[in-house]
Amino acid sequence: MATEFGSNGEQPTVIAALLGAFGVMCCVVVAANYVRNSVTLLVVGLLFGYVTSAVVNLLLYFSVPEQIQTYIIWTFGSFATVTQQQIPLFGAMVLVGIAIALSSSKALNLLLLGETQALTLGLKLSQMRVVIIVNVSILAGTVTAFCGPIAFLGIAVPHLGRALLKTTDHRLLIPTVMVLGANLAIAGDLVAQLPGQQTTLPLNTVTALLGVPIVLGVILRK
């Protein structure tokens, strides 16, 4: 991949990914103001995902081979694509997301009691829902834009954190998940580079292979 921001089509890919994540986030936030049921909101999010996939497939159909190749390489996922010029912006956006997540831990604990109980205890549910959606979009959108889609870490690591700590307290879970996620991501990157310098496995595939057993183990235990 390119070593400078903007080379080989890297800059347009990052900008397009950030704008796409922001656009989907806006749609979900608007939907959250009208949809009060969490399960229904989840279904709406899945529908947005299907629509986004359809649009991407349509764009690929009319793209030239070079653009398709750039997109496919991006979908493999890689931490090596983040250049020194990108690190300040990348790090700043991730730190903002982490700060919001840590400051929301108390509200997330209240949500564990149920929406009705959380409202009774004074939680502004609609505002908190928007904050959560925006923050998830910031973190997921930023990492995906710069590193490509890294599969299954976001699903597997929280389950692993709860299993290790045996608690649902977000004041403990959020820092634990941050450390576990970082270490599993590094482990996945090391596994991806095992074939050697000439051949590197797609990080997206490696993290999926690592994450699926964790999720299956949690499901089977329950």
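## Helix 9: does its length add up?

Let's start with a small sum on helix 9 of this predicted model. Helix 9 has 23 residues, and at 1.5 Å a residue these should span 33 Å. The C-alpha atoms at its two ends are 31 Å apart, which agrees with that expectation. Helix 9 covers residues 170-192.

Which residues of helix 9 are buried? They are His170, Leu173, Ile174, Leu180, Gly181, Ala185, Gly188, Asp189 and Ala192. These buried residues pack against helix 4 (87-103), helix 5 (105-111), helix 8 and helix 10.

## Leu184, a residue with partners far along the chain

Leu184 also belongs to helix 9. Is Leu184 buried or exposed? The answer falls in between: its relative accessible area is 21%, and buried means under 20%, so Leu184 counts as partly exposed.

Leaving aside residues up to four places away in sequence, Leu184 touches Leu153, Val157, Leu160, Leu210 and Ile214. For another view of the same residue, take Pro149, which is 35 residues from Leu184 along the chain. The C-alpha atoms of Leu184 and Pro149 are separated by 15 Å.

## A cavity lined by Leu184 and others

How many cavities of 30 Å³ or more are there? The count comes to two. The second largest cavity has a volume of about 40 Å³, and its lining consists of Leu153, Ala156, Leu184, Thr207, Leu210, Gly211 and Ile214. Helix 8 (153-165) and helix 10 (203-221) each give two or more residues to this lining. The largest share, four residues, comes from helix 10.

What kinds of residue line the second largest cavity? Five are nonpolar, two are polar and none is charged.

Ala156, one of the lining residues, also has a partner to look at in helix 10: Pro213 is found in that helix. Pro213 and Ala156 are 57 residues apart in sequence, yet their C-alpha atoms are 8.8 Å apart in space. Pro213 itself is partly exposed, with a relative accessible area of 49%.

## Helix 7 and the glycine after it

The same sum can be tried on helix 7, residues 125-147. Its 23 residues should span 33 Å at 1.5 Å a residue, and the C-alpha atoms at its ends are 32 Å apart, so the two values agree.

The buried residues of helix 7 are Leu125, Met128, Arg129, Ile133, Asn135, Gly141, Thr142, Ala145, Phe146 and Cys147. Right after helix 7 comes Gly148, which has a positive phi, near 85°.

## Lys166, a positive phi without glycine

Most residues other than glycine have a negative phi. Lys166 is not a glycine, but its phi is positive, at about 55°. Where is Lys166? Lys166 sits in the loop between helix 8 and helix 9. With a relative accessibility of 67%, Lys166 counts as exposed.

## Cysteines and disulfides

A disulfide is a covalent bond between the sulfur atoms of two cysteines. How many disulfides does the model have? The count is zero.

Two cysteines can still be compared by their surroundings. Cys27 is partly exposed, with a relative accessible area of 38%. Cys147 has a relative accessibility of 4%, so Cys147 counts as buried.

Notes:
Residues numbered from 1 in each chain as written. Predicted model: local features only at pLDDT ≥ 70, side-chain atom pairs only at ≥ 80, totals over all residues. Heavy atoms only, no water. 1 Å grid on protein atoms, 1.4 Å probe; cavity = no way out; pocket = protein on both sides within 12 Å on 5 of 7 lines; lining within 4 Å. Points joined across faces, edges and corners; volume = space filled by probe spheres on them. Nonpolar A, V, L, I, M, F, W, Y, C, P; charged D, E, K, R; others polar. Disulfide = S-S within 2.5 Å. Buried < 20%, exposed > 50% of the residue type's maximum accessible area, 1.4 Å probe, protein only. Expected span 1.5 Å × (residues − 1). Contact = heavy atoms within 4.5 Å.
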